[in-house]
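Me: Could you take a close look at the aromatic side chains in this one for me? I'd like the ring pairs walked through properly, plus anything else that turns up around them.

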Amino acid sequence: MSRIVQIQTNFSSGELDPLLRARVDLQQYSNGAERLENVLVQPQGGVKRRPGLKHLMEIPSAASPANGTRMVPFEFNVSDSYMLLFVNQRMYVFKDRTLITNINGSGNNYLTVSTVTSSILATMCWTQSADTLIIAHEDINPVTIVRGASDSSWTVSNLAFDGIPKYAYTVSVSNPSATLTPSAVSGSITLTASAGVFSSGNVNQYINASPQGRARVVQYVSSTVVNAVVEVPFFNTTAVASGSWELEAGYEDVWSSSKGWPRTVTFHEGRMYFGGSKSRPSTVWGSKVGLYFDFKPDQAYDDDAVELTLDTNSLNTITDILSGRDFQIFTTGGEFYVPQAELQPITPSNFFAKAVSRNGSRIGIRVQQIQSGTLYIQRQGKALNEFQFSDTTASYISTAISLLSSHLLVSPIEMATRKATSTDESDTLFIVNGNGDISAYSILRQQNVVAPSRITTFGDFKDIGVDVDDIYVVTKRTFNSSDKYFVEYFDSTAFTDCAFTGGSAGGVGSGLPHIGATVNVICDGSVLTDEVVSGGGAVTFERESTTSYEVGLPFTVSIKTLPVEPRLSVGVRTGFKKRILEVNALLYETQHLIINNNPVPMRTFDTVDILDNATPAFTGTKVVAGILGYSQDAQITVTQDLPLKMTLLGIEFKLSVHGGT
């Protein structure tokens, strides 16, 4: 037998895919875990118990939350930011973790948004400019929502376009009986006919000449004169004979109730852009510079409206567009960007797109920006990819950053990012899965750290949104055989889910929705006996609280290391039985944990009435010895079944293993 000492110094690789069980050669193996549940990986490498979820609001059944919800962050200014919750034809407003009531003095706690129904929530898109939120979906005229003079003042209306581009859905051609003389061969020109063949209806139609020349009519002057913009230069300024030119008609508004509306929207460098529509899913339109609602092209000046279509050998239905270092376009068929040489602005003459990769992105899940690039879920929902500019190639690249943890992606339905606000945090990407849990990726790209963990709760997570640094979720929980939907938020001071808190109480918590469920009870920092919520929504505490109490649903923390693979001079020991003799857990401000089913003592009996006080937070090393049992895996499992603080920095352990060959 050989006895060795090993240490896992960090968990910076997060929870690893079971398919990597044999990859003991990877550096990520020694820094990973088999399971990280209800913890978040810190940038320094340790894992910390996730925050609890405080109750904010139960969504009324009249709002049909079972048919869908959508959370949209809205930042009005530095001091005023909001989380907007859309349900069927309603918008709820939250600010500073509080529901805004009496919207517009109506007595209602919501704004009626009649066109935003349950059917569009999962795939709607939005963007913001100053006090205005714009919502886009191919089935509705874009909606504008404007914040007024106060938190409760909001107005909603359909976006009124100043100009809509045209498209020839059904082309028809005529050959007027007249000659046609262009004033110039290119640019903005005047076209003069020898007879009265023009009408005001010819605006936005095309004139094609032989042997060459194509121009778009932009202004009707008279029955014999129109102004036009040349798209293909004319051969010369000689009159084109009758029969050698034609009027190309059949152009209609590209957006309408019959042709559909824009699918996606964003702002970029002074223009508003729409990406895709029901009838033209692969086309991008940009407004005139500074005239956000005018998309009608005129004379192709640099500040004119722009348009491009992603014509490749595959269908490119646009799923999202983004203003980043460059203008980025995500589609079901691939990822594109608009090159801007030397960061020059986009103009009608240089508006074209280059393909980067052919992964495709998932419809309905908005892409997310972090410091290093843009994150998107692959079309099939099996991978999390990063769209990033490479200084080496002076172009974009697309890489899978979930390669080591793809098992955590289970039919993703929503994604949101919380940016780091201090050195003990990293950017965290939250992905809500179809199975009701959340995959949380702690990301520190400067150190090549992508550390995933999973977050579970009593019930299912249905939606998530981040308002600056506040993380809101929609949860579905079943109490007393009844499904209920709640708005909750992660709170670092809470240790339970769907938590209700208060100050001093007469030993009773009331008004609770957790009918029939077992809840944790914390009074003055001490964990009391679990209670079952009565049919009237109340629990009775073991003792009264004097300063604070918390009542909420429990959740279990679980950290399980990967099977130990010591490297001895005689080779690996995968097939040999091993025993972990002793574990030294390196802890920071920890009040409770269990190692391989062995509770770790935290109290020291050196103070008066210590059992009446809250458990002190311990920082240092705790030793657990006498761990019994041989196995081929020799794994360490750290759990926590009490709602108390826990941060595990690393694990040192003594291992006994057969040393023969």
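Reply: Here's a walk through the aromatic pairs, followed by a few other spots. Keep in mind that this is a predicted model.

Let's start with the tally: 28 aromatic pairs come out of the count. One of them is phenylalanine 430 with phenylalanine 490, whose ring centres are 6.2 Å apart with 20 degrees between the planes. That angle makes the pair stacked, because planes under 30 degrees apart fall into that class. Phenylalanine 430 comes from strand S36 (residues 427-433) and phenylalanine 490 from strand S41 (residues 482-491), so this pair links distant parts of the chain, 60 residues apart. Both phenylalanine 430 and phenylalanine 490 are buried.

Strand S41 also supplies tyrosine 489, which pairs with tyrosine 472 from strand S40 (residues 470-479). Here the centres are 6.4 Å apart and the planes make an angle of 55 degrees, which puts the pair in the tilted class. Since the two tyrosines sit in those two strands, the pair ties together parts 17 residues apart in sequence. Tyrosine 472 is buried, and tyrosine 489 is too.

Rings also gather in a bigger group: Phe330, Tyr337, Tyr376, Phe387, Phe389 and Tyr396 make up one aromatic cluster.

Then there are rings with a charge over them. Arginine 50 has its charged end over the ring of phenylalanine 555, 3.8 Å from the ring centre. Tyrosine 110 has arginine 90 lying over its face, and there the distance to the ring centre is 4.0 Å.

One more tyrosine turns up at the surface. Tyr588 joins Ile7, Leu586 and Leu649 in a nonpolar surface patch, and together they have about 330 Å² of accessible area. Leucine 586 belongs to strand S52 (residues 578-590). Its relative accessibility is 30%, so leucine 586 counts as partly exposed.

Last stop, a residue with a phenylalanine among its neighbours: threonine 224. You'll find threonine 224 in the loop between strand S20 (214-220) and strand S21 (225-232). Leaving out residues up to four places away in sequence, threonine 224 touches Leu191, Thr192, Ala193, Ala195, Gly196 and Phe198. Threonine 224 is partly exposed, because its relative accessible area is 25%. If you want a feel for distances from there, valine 265 is 41 residues along from threonine 224 in sequence and 40 Å away in space, C-alpha to C-alpha.

Terms used
Residues numbered from 1 in each chain as written. Predicted model: local features only at pLDDT ≥ 70, side-chain atom pairs only at ≥ 80, totals over all residues. Heavy atoms only, no water. Patch = residues over 30% accessible without salt bridge, like charges linked within 9 Å, V, L, I, M, F, W, Y side chains within 5 Å. Areas by Shrake-Rupley, 256 points an atom, 1.4 Å probe, with all protein chains shown as cover. Salt bridge = Lys/Arg side-chain N within 4 Å of Asp/Glu carboxyl O. Helix = DSSP H or I, 4+ residues; strand = E, 2+ residues; numbered from the N terminus. Buried < 20%, exposed > 50% of the residue type's maximum accessible area, 1.4 Å probe, protein only. Contact = heavy atoms within 4.5 Å. Phe/Tyr/Trp six-rings, centres within 6.5 Å; stacked < 30°, edge-to-face > 60°. Lys NZ or Arg CZ within 6 Å of the ring centre and 35° of its normal.
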